[in-house]
Amino acid sequence: MVFIGRFQPFHLGHKSVVDEALKLAENVIMLIGSANLPSSIRNSFSVEARTQMILGAFDKKDAKRIHCVGLDDALYNDTKWLQYVQQCVKSVTGDLNANIGLIGHSKDSSSYYLSLFPNWQSVAVPNFHELSATPIREGFLLGADPLTDTVPQSTADVMKAFKKTEAYKRLHEEAGFIDKYKKQWESSPYPPTFMTVDAVVIQSGHILLVERRGMPGQGLWALPGGFIDPKETLFDACIRELREETRLKVPEAVLRGSRHSQHTFDDPYRSARGRTITQAFYFVLKNDPKGLPSVKGGDDAKKAFWLPLAELKADKLFEDHYAIICKMVGL
């Protein structure tokens with residue numbers, strides 16, 4: 001039986017699903033999602049920490065029947081994600097033609113995966129007391145202690161130990177920043193939707209990135225970009241942000257003529273700051289025997305740099321920028 005989730009953190013609702021799976025199957029495969037993403041307020045606990053939460057919630061006999069496997073995200077590419085799932089399951093079963101079932105409940109649109117595996121038997125279970133990991137995690141990152149009426153003792157132990165680390169301190173600071181940020185919009189009659197732009201600039205097998213200066217995502221790599229101004233087009237905003245953040249030594253006319261394509265990225269969970277839709281523009285600069293154009297960090301960017309595409313790492317990139325690059329460039 002396969003159970004797919006992010007388990008950020010593993011709570012009693014998740015445990016109730018595993019309890020049912022253990023009744024129905026000899027072995028339970030726990031696919032722990034977002035395994036390749038950097039630490040953030042939405043992705044706070046490592047695969048190792050979540051594995052400890054899960055296995056510690058069961059006695060030794062049952063824990064031996066539970067197999068925890070990290071599952072990488074492939075946002076905006078369901079085909080690649082399905083491949084990842086199949087590879088993870090096969091790493092345990094050795095055979096995708098084995099008797100495999102998929103268990104879970106349709107919590108919200110993020111659970112659409114339950115319909116993506118027609119060859120596997122699907123088992124639906126009710127939501128246990130309407131529990132959700134999001135408020136548990138958000139409260140914890142703002143300073144609250146985990147409550148054992150919502151999480152197993154093993155999860156509470158892992159969370160309490162994590163609270164003593166520098167990693168928690170950083171996330172706690174960022175969670176406070178996001179909380180204050182969202183409070184600016186509390187009086188709005190409707191939840192606001194923000195519009196941003198991002199520039200994907202490629203030359204000679206290199207991509208132009210920046211290191212974020214401030215929160216959220218301080219220190220992470222990111223695409224040059226930002227929020228649009230009230231009186232500019234999306235493309236004009238992208239050119240402006242690109243030049244402000246990287247000081248890219250390419251004439252504006254050349255940049256405008258190098259636009260290859262554009263794409264909208266609108267995953268509802270892509271930004272911790274709230275509903276944020278971004279329009280990404282893909283620029284392909286001509287190869288130059290003199291080398292890559294000089295760049296220098298400015299505005300919100302601590303530094304700007306050219307990175308070989310072979311050295312891109314999902315766990316180094318802010319929000320969904322790795323997925324955006326993969327989609328735009330075709331990696």
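## Rings, cis bonds and odd phi angles

Ser-204 sits in the loop between β6 and β7. Keep in mind that we're looking at a predicted model here. Beyond that loop, there are aromatic pairs, arginines over rings and a couple of cis peptide bonds to go through, so to speak, in bullet form.

**Backbone: positive phi**
- As background, most residues other than glycine have a negative phi.
- Ser-204 goes against that habit: it isn't a glycine, yet its phi is positive, at about 50 degrees.
- With a relative accessible area of 37%, Ser-204 counts as partly exposed.
- Tyr-76 is another non-glycine with a positive phi, this time about 70 degrees.
- You'll find Tyr-76 in the loop between β3 (66–70) and α4 (78–93).
- Tyr-76 has a relative accessible area of 22% and is partly exposed, because the cut-off for buried is under 20%.

**Backbone: cis peptide bonds**
- Most peptide bonds are trans.
- Gln-8 to Pro-9 is a cis bond, with omega near 5 degrees.
- Pro-9 belongs to the loop between β1 (2–5) and α1 (12–24).
- Met-215 and Pro-216 are also joined by a cis peptide bond, and omega there is about -5 degrees.
- The loop between β7 (206–212) and β8 (221–222) is where Pro-216 turns up.

**Aromatic pairs**
- Searching the whole structure gives 17 aromatic pairs.
- One of them is Tyr-181 with Phe-194, a tilted pair with 6.3 Å between the centres and 55 degrees between the planes.
- Tyr-181 is part of helix α7 (residues 166–183) and Phe-194 is part of strand β6 (residues 194–203), so this pair ties together parts that are 13 residues apart in sequence.
- Are these two rings' residues buried or exposed? Tyr-181 counts as buried, at 16% relative accessibility, and Phe-194 counts as buried too, at 12%.
- Both residues also belong to one aromatic cluster, made up of Phe-177, Tyr-181, Trp-185, Phe-194 and Phe-227.

**Arginines over rings**
- Arg-212 lies over the face of Phe-318, 4.1 Å from the ring centre.
- Arg-259 does likewise with Phe-235, at 4.0 Å from the ring centre.

Notes:
Residues numbered from 1 in each chain as written. Predicted model: local features only at pLDDT ≥ 70, side-chain atom pairs only at ≥ 80, totals over all residues. Heavy atoms only, no water. Phe/Tyr/Trp six-rings, centres within 6.5 Å; stacked < 30°, edge-to-face > 60°. Helix = DSSP H or I, 4+ residues; strand = E, 2+ residues; numbered from the N terminus. Buried < 20%, exposed > 50% of the residue type's maximum accessible area, 1.4 Å probe, protein only. Lys NZ or Arg CZ within 6 Å of the ring centre and 35° of its normal.
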